[in-house]
Amino acid sequence: MLDGNELRSLTAGLRAGDGDAWERFYALTHFPILRALRRLLHDETLAEEALQAAYVTAIERIGAFDPARGSADGWLAGIARMKARELCRKAPAMSLEDVP
């Protein structure tokens, strides 16, 4: 998703709690990850909810991110997939009465 040099620079800023780095990271990752969540969930609202939850989790757990294990955007994408699965488990099953 992101250029390697920019990612390394951003990663240091994210870990330091730099607000500008978080804004840039959001700007670079928001649309690609939202697009993937839309494809996965087939629901705009759920995709946006999963993405928001992923960013909150990333902010809370940035100290656990290890750049030696992968990229920050890949880490965020993994969190987003986890949040999407959680939402699917919580969503009530649709019955035939619900189908228009």
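**Helix packing in a four-helix chain**

Visitor: In what order do the elements of the chain run from the N terminus on?

Guide: This is a predicted model, and the secondary structure of its chain comes to four helices and zero strands. Read from the N terminus on, the elements run α-α-α-α.

Visitor: How do the axes of H2 and H3 lie to each other, parallel, antiparallel, perpendicular or oblique?

Guide: The axes of helix H2, residues 19-41, and helix H3 come within 9 Å and cross at roughly 140 degrees. An angle over 145 degrees would count as roughly antiparallel and one of 65 to 115 as roughly perpendicular. The crossing of H2 and H3 falls in neither range, and H2 is therefore classed, relative to H3, as oblique.

Visitor: Which class of residue, nonpolar, polar or charged, has 14 members in the contact of H2 with H3?

Guide: On the H2 side the contact is made by residues including Trp22, Phe25, Ile33, Leu34 and Leu37, and on the H3 side by residues including Leu46, Ala47, Leu51 and Ile59. The contact also takes in Arg38 of H2 together with Glu44 and Glu48 of H3. By class there are two polar and three charged residues, while the class with 14 members is nonpolar.

Visitor: Is His42 buried or exposed?

Guide: His42 lies in the loop between H2 and H3, and its phi is near 60 degrees, a positive value in a residue other than glycine. The cut-off for an exposed residue is a relative accessible area over 50%. Because His42 has 69% relative accessibility, it counts as exposed.

Visitor: What is the handedness of the crossing of H3 and H4?

Guide: The axes of H3, residues 44-60, and H4, residues 72-90, come within 8 Å and cross at roughly 130 degrees. The two helices are therefore oblique to each other. Their crossing is right-handed.

Visitor: How many charged residues does the contact of H3 with H4 have?

Guide: Among the residues that make this contact are Glu49, Ala53, Ala54 and Thr57 of H3, and Trp75, Ile79, Lys83 and Leu87 of H4. By class, the contact has twelve nonpolar residues and one polar residue, and the number of charged residues is two.

Visitor: What percentage of the residues in the chain is buried?

Guide: The accessible surface of the chain comes to about 6,500 Å², of which 53% belongs to carbon and sulfur atoms. A residue counts as buried when its relative accessible area is under 20%. Of the 100 residues in the chain, the buried share is 34%.

Technical notes. Residues are numbered from 1 along each chain as its sequence is written. This is a predicted model: local features need pLDDT of at least 70, side-chain atom pairs count only at pLDDT 80 or more; totals for chains, interfaces and linings use all residues. Side-chain values use heavy atoms; hydrogens and water are left out. Axes are lines fitted to C-alpha atoms, for helices over the stretch in contact, and angles run from 0 to 180 degrees between N-to-C directions. Angles under 35 degrees count as roughly parallel, over 145 as roughly antiparallel, 65 to 115 as roughly perpendicular and the rest as oblique. A crossing is left-handed if the near helix is turned anticlockwise from the far one by less than a right angle, and right-handed if clockwise. Contact means heavy atoms within 4.5 Å. Ala, Val, Leu, Ile, Met, Phe, Trp, Tyr, Cys and Pro count as nonpolar, Asp, Glu, Lys and Arg as charged, and the others, Gly among them, as polar. Buried means under 20% relative accessible area, exposed over 50%, partly exposed in between (1.4 Å probe, protein chains only). Accessible areas come from the Shrake-Rupley method with a 1.4 Å probe; for residues, only the protein chains shown count as cover.
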